[in-house]
Structure formats: C-alpha cells, structure tokens
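Hi,

Here is the structure I said I would pass on. Have a look at it first, and then read on for what turned up when I went through it.

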Amino acid sequence: TSDRLYFEPLTLEDVLEVTHAEMATGELVGVVVQLGGQTALGLAKGLEAAGIPILGTSPAAIDLAEERGFFSKILDEADLLAPANGTALNVDEALEIAARIGYPVLVRPSFVLGGRGMEIVYESASLKDYFVRIEGQGIVGPTHPLLVDKFLDDAIEIDIDALFDGEQLYVGGVMEHIEEAGIHSGDSSCTLPPITMSQSQINRVREATLAIAKGVGVRGLINVQFALASDVLYVLEANPRASRTVPFVSKALGITLAKAASLVMVGKSIAELINEDHLP
C-alpha cells in the first residue's frame with residue numbers, strides 16, 4: 001500500500017510538482033516509470049533532465065527499445081529477425097516502402113496508445129485512402145512517423161513478460177495469442193502456457209528475450225512480442241516496462257512480478273529474490 005496517493009494527470013509538469021513535494025518531506029530515492037504504461041515511460045527523459053533519478057531501466061536504454069533504427073541494430077547484433085519494415089512521414093514514402101517490402105503491410109502510427117490508427121493494408125489504393133482518413137488527426141507528421149511493416153500471414157503471436165537484472169533473465173510467462181498476429185494485443189486473448197508451441201520454440205523465445213534485454217540494458221521488467229511463421233521467429237516489438245499481461249501472469253502463476261521488478265530496480269539480483277522466496 002502507498003503512504004500517499006496523488007490524483008493528478010500524468011504530465012511532466014504535474015509529476016514534477018509531486019516529486020518536489022516529496023523531496024520537501026525527505027529524500028527522494030527515485031521514480032519508477034516502468035509500471036505506468038507507455039504514458040509514464042514517455043516522461044522518463046523529461047524527469048531525468050529535471051534531475052530526478054529514474055529507477056531501473058535508464059531513459060537512454062528506453063530510447064534504444066523505442067527508436068526503430070537503434071532497435072534494429074540490437075536485433076542485428078543478436079542475429080534476430082524482424083519483419084521487413086520502414087518508417088514514412090507522408091503517403092509517398094509509405095507507398096515506396098510498401099512497394100519495396102510487398103503487400104499486405106501493417107501500418108501503425110508511432111507514439112499513439114492502444115493501437116489507434118493501426119490497420120492491415122492490402123494494396124496502394126487502400127494505403128492512399130488510409131492517409132485521407134487520418135488527415136488532421138495529428139497522429140502522423142514530421143515528428144510522428146508511420147511505421148510500415150510486412151504483415152505476416154497465418155502467424156502465431158507470442159507475448160513474454162520477464163525480469164532482467166543485468167545478468168540473469170527470469171521468465172514470468174510465455175503466452176500464445178488465440179487470434180492470429182495482426183490483432184492488437186489489447187484486443188486479443190492469450191493462453192498461458194502456450195498450447196501449440198514446442199519446447200524448442202519456447203526456448204528460442206527465451207533466448208531471444210535474453211539477447212534483447214542485454215542489448216537494450218533493461219533493469220526490471222521487459223515485454224517482448226514475437227510472431228512465429230513457418231517456424232521462423234520474428235521480433236515484433238520490445239517494451240522495457242510492465243505490459244497489460246503482468247497482472248494476468250502474476251495471478252495465474254502466483255508470482256508477484258511487480259514487487260520483484262521494483263526490488264530489481266533498486267539493486268536486488270534475481271538470484272537474491274529467489275533465495276529470499278520473492279520468486280519461485
């Protein structure tokens with residue numbers, strides 16, 4: 001339970017006011033941004049610039065996972081695959097990318113929440129119509145590129161929630177989506193444990209997650225979304241934070257993932273947490 005609760009918007013200005021109030025009553029060890037979704041994660045750089053310590057994964061490491069060019073380099077170094085992709089600032093760039101990687105493509109604006117504006121597009125006329133429909137919404141522009149990915153037909157989507165302390169990976173759960181890849185994870189259902197995946201495929205997911213966590217520099221929670229198509233494993237995205245599935249995994253398996261993650265963020269190792277019975 002919390003000693004104090006603040007009912008304020010999650011904006012940089014409001015959060016800084018809260019941190020200043022806390023600092024006036026005692027030492028502020030730091031701020032946890034991993035447990036507040038994408039909105040909280042987006043505050044990390046601003047808080048750091050204001051001199052507020054960020055516990056766990058650093059804002060620089062968060063950028064590695066969120067910036068497509070940086071993240072592609074991490075995947076290349078780990079010998080991991082991502083679907084063919086590109087980023088576009090306008091309809092002409094999007095058409096060029098789609099022609100190069102081949103239809104169907106999955107288009108999704110960066111920096112939006114809940115899969116807003118995400119669509120599967122099967123030909124150029126539909127892609128042009130997409131830009132007509134989103135015009136004026138402010139979700140694609142000079143500072144907000146459109147992500148264009150090759151859509152994987154008949155692929156199994158996989159979610160993994162894990163902890164990483166800099167040395168050791170602890171897998172909370174590997175979940176297999178019931179719907180095919182391409183349905184936003186917030187709108188899909190999943191099974192724990194996975195139903196159709198073999199043990200070797202699950203091991204590959206674990207090894208890939210470890211390589212990504214090391215490459216990004218995660219300290220705490222990480223969620224990675226994969227797609228499995230014709231026994232080829234693709235990395236869709238990695239989030240250095242708690243995902244919406246953390247409460248599900250925690251309750252289903254009796255693991256206090258959020259508490260364990262918080263302890264890792266303040267310097268505990270996974271080995272220590274296992275020895276102290278915080279993790280099974």
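Let me start with the sheet: β5 and β8 are antiparallel partners, joined by nine bridges. One pair to click on there is I158, whose bridge partner in β8 is F226. Before you go further, do keep in mind that this is a predicted model.

On its other pairing, strand β5 (residues 156-164) runs antiparallel to β6, with eight bridges between them. These two make a hairpin with four residues between the strands, and in that hairpin G166 has a positive phi near 105°. β6 also pairs with strand β7 (residues 190-191), again in the antiparallel sense, through two bridges. If you want a marker for that pairing, E176 sits opposite T191 in β7.

Put together, this gives an open sheet of five strands with antiparallel pairing, in the order β7-β6-β5-β8-β9. The edges are taken by β7 and β9, which have a single partner strand each, so each has one side without a neighbour in the sheet.

A residue to look at in this sheet is G173, which belongs to strand β6 (residues 169-180). Is G173 buried or exposed? It counts as buried, because its relative accessibility is 4% and the cut-off for buried is under 20%. Across the strand pairing, D161 stands opposite G173. D161 is also among the contacts of G173, together with D159, I160, L192 and V249, once neighbours within four places in sequence are set aside. For a sense of distance, the C-alpha atoms of G173 and E157 are 14 Å apart, with the two positions 16 residues apart along the chain.

The other residue I looked at is A242, found in the loop between β9 and α9 (246-253). A242 is a loop residue, yet with 12% relative accessibility it counts as buried. Leaving out residues up to four places away in sequence, A242 touches Q34, L35 and L221. D277 is 35 residues from A242 along the chain, and their C-alpha atoms are separated by 21 Å.

Now for the charges. How many salt bridges does the structure hold? There are nine, and I will go through three of them here.

The side chains of D149 and R108 form one, with an N to O distance of 3.6 Å. D149 is in strand β4 (residues 146-150) and R108 in strand β2 (residues 105-109), so this salt bridge ties together parts that are 41 residues apart in sequence. Both ends are buried: D149 has a relative accessible area of 7%, and R108 has one of 16%.

E119 and R133 form another, at 2.7 Å from N to O. Here the link is between a strand and a helix: E119 lies in strand β3 (residues 119-121) and R133 in helix α7 (residues 124-134), so parts 14 residues apart in sequence are tied together. E119 is partly exposed, at 26% relative accessible area, and R133 is partly exposed as well, at 39%.

The third one I would point you to is R204 with D231, where the closest N and O atoms are 3.2 Å apart. R204 is in helix α8 (residues 199-216), while D231 is in the loop between β8 (220-229) and β9 (232-239), so the pair ties together parts that are 27 residues apart in sequence. R204 counts as partly exposed at 28% relative accessibility, and so does D231 at 44%. Going back to R108 and D149, salt bridges with shared partners join these two and E237 into one network.

Last, a pocket. The second largest one holds about 1,100 Å³ of space. Which residues lie nearest its centre? They are S2, R4, G30, V31 and V32, out of a lining of 26 residues. Helix α1 (residues 12-25) gives the most to that lining, with four residues. Sorted by class, the lining has 16 nonpolar residues, five polar and five charged.

That is what I have for now. Shout if you would like to go through any of it together.

Cheers

Note on methods
Residues numbered from 1 in each chain as written. Predicted model: local features only at pLDDT ≥ 70, side-chain atom pairs only at ≥ 80, totals over all residues. Heavy atoms only, no water. Salt bridge = Lys/Arg side-chain N within 4 Å of Asp/Glu carboxyl O. Buried < 20%, exposed > 50% of the residue type's maximum accessible area, 1.4 Å probe, protein only. 1 Å grid on protein atoms, 1.4 Å probe; cavity = no way out; pocket = protein on both sides within 12 Å on 5 of 7 lines; lining within 4 Å. Points joined across faces, edges and corners; volume = space filled by probe spheres on them. Nonpolar A, V, L, I, M, F, W, Y, C, P; charged D, E, K, R; others polar. Contact = heavy atoms within 4.5 Å. Pairing = 2+ DSSP bridges.
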